[in-house]
Amino acid sequence: MNKLSFREKYSYGIGALGKDLAYAIVSSYLMIYFTDAIGLNPAFVGVLFLVARMWDAFNDPMMGMVVDNTRSKWGKFRPWILIGTVVNAAVVVFLFKKPNLEGNALYVYYSVMYILWGMTYTIMDIPYWSMIPSLSSDKEEREKISVIPRIFASSAWLLMGAFGLSLIDKLGNGNEIKGYELLAIGVAVIFVIATLITVFNVKEQVEVKNNTEKVNFRQTLNIIRKNDQLVVFIGIVLFMNLIMQIIGGVSLYYFKYVIGNDKLNQVFYAFSGLAEIGGLMLFPILTKKIGRQNVFKLASILPILGCSMLLIFGIISPKNAAFIAISGVVLKLGTGMLLGATTVMLADVVDYGQFKLGTRNESIVFSVQTLLVKTASAVSGWLVGVGLSVVGYVPNAEQGASTILGLRVLMIGLPILCAVLMYVIYKNKYKINGEFHDMILNKLKNGKDGEAVV
């Protein structure tokens, strides 16, 4: 049994605080920064988000292949975590820095910066999450380890959502664009410091035989295609991330133009962020009591209930902060459990791939998660950007009835649909549970040199 010390567990977890602060500032504020502060066309921004992720469909698996082929005295994960962090932190700063450009040149600048942001984030995110299966082979220990970075990550989103707008106002002192730039610099510094803590205090614990042959791109695609549970996992996590990313992308517009008070966005994020952390903490406890399958079912229902409450309260008492807080708590309690569940599921998918295919490819499998998170962000960004243009959105102006209805559909209707589809896929297709899961772990444990016994 492999157990990490307190220092190792939390040094690993704090890395997620830095990287998710860097992701949260982009996911939460880049769309409205582009449309309302810089003045870019919303439809263009939406298409940019989607096109950048189309490139990631090739870029992310390639990075997973590179990491899996890495051999160094620091292991195969930590060198890339450090390199990716330093480069991505710099790109985040330039992404929120307005250059002395106008017209098409300004569009080109931000397009290049956004594509670079996605590519450099991949360099560190894939190896970071890929470390989990190498930290412990014990099922319960792995569940505990998986929850810790998710709690730090959710804390990052809580901080950015609850205090981001206030910090932008304070740092900018009336200059909104300057406020965004200074906040980005602060986030970049924290990002680098948090990663240094992870890199110097955590190393791989589980001795797994490395593949003797390096994996090429075609083999990488085959590994993804032939792992049927990874394909199922892709569907589950895509819809899970769409729930969170759509809400995150629309919420500022929703509270500013539908509710009429953008400060209530901070109330929503403060309470929902705490609830998400609570859901993560509850995940291992509930799993032990009622099992993973029942926890996943509960976690799927709560976002549907929370979104429904947000709709009802938004009609009967739109500016009631308590109602908004309650809706956020119910919604994010569920997503917190989902984050815990899917993190453990992905580590199990790595084991299943080794059991079925005879090779262990953590980084290739985990590259799928990074791609899914960014794909969900791109799809939600495209939906918001194009949707705003379709329904007649005008920045910094009172919106018409059709625009308000469209924002309600984006903020509430689409996440409910995604939650339903996510659970249907899990219920009917995901099978790494119970006795089958135990059998896989036993086979791998008793196999030779870490290879599957089939």
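# Cysteines, cavities and core

User: Happy to look at this with you. How many disulfides does the structure hold?

Analyst: The structure holds 0 disulfides. Do keep in mind that this is a predicted model.

User: Why is Cys418 not counted as bonded to Cys307?

Analyst: A disulfide needs two cysteine sulfur atoms within 2.5 Å. The closest cysteine sulfur to that of Cys418 is in Cys307, 9.7 Å away, so the pair is too far apart for a bond. Taken from the other side, Cys307 is in no disulfide, and its nearest cysteine sulfur is that of Cys418.

User: What makes Cys307 and Cys418 count as buried or exposed?

Analyst: The cut-off for buried is under 20% relative accessible area. Cys307 has 1% relative accessibility, so Cys307 counts as buried. Cys418 has a relative accessible area of 7%, so Cys418 is buried too.

User: Thanks! And why is Gln399 called buried?

Analyst: The same kind of check applies. Gln399 has 8% relative accessibility, and therefore counts as buried. Gln399 lies in the loop between H13 and helix H14 (401-429). Leaving aside residues up to four places away in sequence, Gln399 touches Tyr257, Gly392, Tyr393, Val394 and Ile404.

User: Is Asn173 buried or exposed, and how do you know?

Analyst: Exposed means over 50%. Asn173 has 71% relative accessibility, so Asn173 counts as exposed. You will find Asn173 in the loop between H6 and helix H7 (176-201).

User: What makes the phi of Asn173 worth a look?

Analyst: Its sign. Most residues other than glycine have a negative phi. The phi of Asn173 is near 50°, a positive value in a residue other than glycine.

User: Let's go inside. Which residues have the most contacts inside the largest nonpolar core?

Analyst: Those are Ile25 and Phe34, in a core of 132 residues. Helix H9 (residues 228-259) supplies the largest share of this core, 20 residues. As for Phe34, its contacts beyond four places in sequence are Gly39, Leu40, Val45, Leu48, Phe49, Leu95 and Tyr110.

User: How many cavities of 30 Å³ or more are there, and what volume does the largest have?

Analyst: The count comes to 6 cavities, and the largest holds about 440 Å³ of space. Among the 30 residues lining the largest cavity, Asp20, Trp157, Asn241, Met244 and Leu339 are the closest to its centre. H9 gives the largest share of that lining, 8 residues. Other elements that give two or more residues include helix H1 (6-38), helix H4 (103-130) and helix H12 (321-357).

User: What makes up the lining of the largest cavity by class?

Analyst: That lining has 14 nonpolar, 9 polar and 7 charged residues. Asp counts as charged, and Asp20 is one of the residues closest to the centre of this cavity.

User: What about the lining of the second largest cavity?

Analyst: That lining divides into 7 nonpolar, 7 polar and no charged residues. The second largest cavity has about 130 Å³ of space and 14 lining residues, with Ser27, Phe49, Gly249, Ser377 and Gly381 nearest its centre. Gly counts as polar, so Gly249 and Gly381 belong to the polar class here. H1 gives the most to this lining, with 5 residues.

Methods
Residues numbered from 1 in each chain as written. Predicted model: local features only at pLDDT ≥ 70, side-chain atom pairs only at ≥ 80, totals over all residues. Heavy atoms only, no water. Core = buried A, V, L, I, M, F, W, Y, C linked by side-chain atoms within 4.5 Å. Buried < 20%, exposed > 50% of the residue type's maximum accessible area, 1.4 Å probe, protein only. Helix = DSSP H or I, 4+ residues; strand = E, 2+ residues; numbered from the N terminus. Contact = heavy atoms within 4.5 Å. 1 Å grid on protein atoms, 1.4 Å probe; cavity = no way out; pocket = protein on both sides within 12 Å on 5 of 7 lines; lining within 4 Å. Points joined across faces, edges and corners; volume = space filled by probe spheres on them.
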